[in-house]
Amino acid sequence: MSTQTPLEPSGPTSLRASGRGRWGDPVFRWAVLGAASSVLIILGVMMFRTTIDSMPIFREFGFFGFLAGDTWSTGQSRSEVTGEYGAWPFIYGTVKLSVIAVAIAVPLAIGISLFTNEVAPKWLRKPLSYAIDTLAMIPSIVIAVVAIFFFIPYVTDPIARFLVSTPLGELPFFAGPAQRQSYFSAGLMVSIMILPIVTAVTRETFANTPEDERNAAYAMGATRWEVMRHVIVPRGFPGMVGGTMLGVGRALGETMVVAFTVGSSQRMGASIFFGGDAITAVIFNTFATSSPEAIWGLLALGVTLFLMTTFVNILARLIVMRSGRVVGDAAV
Amino acid sequence: MTTDTMPQTDAPLPPDGTRSLHELEGNARRRKRRSRVLTMVLLGAMIGGVTPLVIILWQIIANSGAAFGWEFLSQVEPLSYRETGGGYLHGMWGTVYTTGMAAIMTVPMGIAAAIYLTEYGGGRFAFFVRFFTDVMTGVPSIFVGLAVYAILVTQLRFGTFTGAVALSIIMLPIVVRTAEEMLYLVPPDLRNASLALGARRWQTTLKVVLPAAGPGVITGVMLAVARAAGETAPLVLTALGARTVVTAIQGGNGQADIGLLMTDGLRQPFAPGIERAWAGGLTLIMIVLALTIVARLINQRSQI
């Protein structure tokens, strides 16, 4: 391969091959291969170690017994399981507030995507996308501060009080009395946090609609809304579903905002205006004061959360993959 | 507006079934109105999406005035949350230290993984790596914190290094993804030209492809750093927090972080501590947004 030249090489030597460089390529290949494997290794090690460390809990209650148990009462032991550990109140809360968050964020995201792609003037499109992407960059502790001192007293609390006072308040789902820290408050705040990623995915798939199809619909005399409703939305449907799933994944794992807004109650009330708890919130709020056996319990909760989010994310990625990869700040 | 009916012609067609082109279709006006109304609904959604951002920025700026200032940036927090004055110097130091260490660990590895995916990645293994990188972006940060706690903190106790490992695991998929996207955009002609001149694969990659994708890759790295700097949840499990400036790489007694200090301040019912938490929010948002904006400016100057 390498050419042996007796002459001094002319010009830049950095691109010139040499006999010594023969090992360069295989070494380079193995190095980058190793780096790529690190992703899989890290994921595997994290999963393995947390599962091993939470084994005492799973052995005591059984995997499904742990998931279905509805009492969480920690013991003080350093070496054995003396308390009772059931994940159900936290799973219930996590799922409930994620559903609320998605129910608020997805319609909003679809509206925003249609607006930025179809309605807004060309010069305004980029700034609008940037504004939504910037929302993704705001640290969640900052959103938590604003949630405590602005959104809960001035936004979620009035809405909750109003809904409870309407006939809707008769339904168990909207029953009062409205509490300030509740599934609804947490869900609304989390919807703000998942909005960017859902928007990024739907915007991208809507933008992938073939120009010819849109133009054909316009040429047939369709109005702008009809084009959106009958051409762009059906085309972007897989993206909408995938984006929603990604949003669910994020909502399940959101910590700071939920820890400060969900209320830390294991009552599992039916109403969305009651205080509750979530997996992430209980880990964050109780970790610092936990006994060793309670930390096993928190690790078991972490494994549960990991399984839930990974399942949702794999599903979401499989759906999104069919409609192409999504680029943009908010998509990562 | 809510019922979706088949288009119905209100005006009867002439007996011969023809209609002048000047004549509007019977329901055209209704369809147009409907389109206009729903466009307004979409505008409402857009406003609904931008409003939270405006509210958050406004609230942070409006409320951080009481504690923010030179003293806040240059002093350590007083021991009591009831005392006014003092600042988050230790938190800022901790955030920069931890995030910087995480970046040093992640960036070479992430870019190398991205190089594998673009330059050698056609096979099934690359598909798996790509897929699980995407999945890894969705792993909850608190789980990363728990895992690092179980793996490292139980051995080394709390500190900067353990916090940095947690942040680095959060950054890794972001760096890999964005770097891969950018490397993928480098035209194949550049690679072919370099290979045709006799350069080896690694020389081509490191000296031609990577510099060409440079600005984009740097953008991705900065976004990942911004994301990691704003993380708090994994740090409570790995860095724990500290009340003074900690310079040790792994002291065993924890490292401070702006987010952790804000959390502590918010949990106390005392106004001075809460005011400092607001000011900490402003600091954090300035760090993150500065990184994001610079990243975007670099990206705009990118040649590819």
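I began at B:Leu240, which sits in the loop between helix 9 and helix 10 of chain B. This is a predicted model, and I kept that in mind for each entry below.

**Entry: B:Leu240**

I looked up the backbone of B:Leu240 and found a positive phi of about 65°, although the residue is not a glycine. Most residues other than glycine have a negative phi. Is B:Leu240 buried or exposed? I count B:Leu240 as buried, because 22 C-beta neighbours lie inside 10 Å and the cut-off for buried is 20 or more.

**Entry: A:Ser264**

I then turned to a residue of chain A with a positive phi, A:Ser264, where the angle is about 50° and the residue is again not a glycine. I placed A:Ser264 in the loop between helix 11 (256-261) and helix 12 (279-286) of chain A. A:Ser264 is partly exposed, because 16 other C-beta atoms lie within 10 Å, and that class covers counts between the limits of 12 and 20.

**Entry: confidence**

I checked the scores before going on. The model has an ipTM of 0.88 and a pTM of 0.88. For chain B the average pLDDT is 87, and 90% of the residues score at least 70. Where pLDDT is low, the predicted coordinates should not be read in detail.

**Entry: chain B overall**

I went through the secondary structure of chain B and noted 11 helices and 0 strands. Read from the N terminus, every element in the order is α. I compared the radius of gyration of chain B, 27 Å, with the value near 19 Å for a compact globule of 304 residues. The C-alpha atoms of chain B fill a box of roughly 95 × 65 × 35 Å along the principal axes. Of the 304 residues in chain B, 51% are buried. Among contacts in chain B with a separation of 6 or more, 76% join residues 24 or more positions apart.

I also noted the division of chain B into domain 1 (1-63) and domain 2 (89-300). How far apart do the C-alpha centres of domain 1 and domain 2 of chain B lie? I read off 44 Å between these centres.

**Entry: helix 10 of chain B**

I followed the loop of B:Leu240 on to helix 10, residues 258-267 of chain B, and found 9 of its 10 residues buried. Among the buried residues are B:Ile258, B:Leu260, B:Leu261, B:Met262 and B:Leu266, and B:Asp264 is on the list as well. What do the buried residues of helix 10 of chain B pack against? Within chain B I found helix 3 (89-120), helix 9 (233-238) and helix 11 (271-300), and from chain A there is helix 6 (140-165).

**Entry: chain A overall**

I counted 13 helices and 2 strands in chain A. Chain A has a radius of gyration of 26 Å, well over the 20 Å from the globule rule for 332 residues, so chain A is more spread out than a compact globule. Its C-alpha trace spans about 90 × 70 × 35 Å along the principal axes. Of the 332 residues of chain A, 50% count as buried. Residues 24 or more positions apart make up 75% of the chain A contacts with a separation of 6 or more.

**Entry: A:Val312**

I picked A:Val312, in helix 13 (residues 292-322) of chain A. A:Val312 counts as buried because it has 23 C-beta neighbours inside 10 Å. Leaving out residues up to four places away in sequence, A:Val312 touches A:Met245, A:Val248, A:Gly249 and A:Leu252. I also took the C-alpha separation of A:Val312 and A:Glu60, which are 252 residues apart along the chain, and got 28 Å.

**Entry: contact between the chains**

I listed 76 residues from chain A and 82 residues from chain B in the contact. On the side of chain A that touches chain B, helix 1 (residues 24-53) of chain A gives the largest share, 19 residues. By class, this side of chain A has 50 nonpolar, 17 polar and 9 charged residues.

**Entry: nonpolar core**

Which residues touch the most other members of the largest nonpolar core? I found A:Ile143, B:Ala113 and B:Met171, in a core of 191 residues. This core draws at least three residues from each of domain 1 (1-63) and domain 2 (89-300) of chain B.

I closed with B:Ala113. Leaving aside neighbours within four places in sequence, B:Ala113 is in contact with A:Val32, A:Ala35, A:Ala36, A:Ser38 and A:Val39 of chain A, and with B:Val176 of chain B.

Terms used: Residues are numbered from 1 along each chain as its sequence is written. Chains are lettered from A and ligands numbered from 1 in the order in which they are written. This is a predicted model: local features need pLDDT of at least 70, side-chain atom pairs count only at pLDDT 80 or more; totals for chains, interfaces and linings use all residues. Helices (H or I, at least four residues) and strands (E, at least two) are DSSP runs, numbered from the N terminus. The radius of gyration is taken over C-alpha atoms; the globule rule is 2.2 Å times the number of residues to the power 0.38. Two residues are in contact if their C-beta atoms, placed from the backbone, lie within 7 Å. Ala, Val, Leu, Ile, Met, Phe, Trp, Tyr, Cys and Pro count as nonpolar, Asp, Glu, Lys and Arg as charged, and the others, Gly among them, as polar. Domain bounds come from an automatic or database domain assignment. pLDDT is the predictor's confidence in each residue, from 0 to 100. A nonpolar core is a set of buried Ala, Val, Leu, Ile, Met, Phe, Trp, Tyr and Cys residues joined through C-beta atoms within 7 Å.
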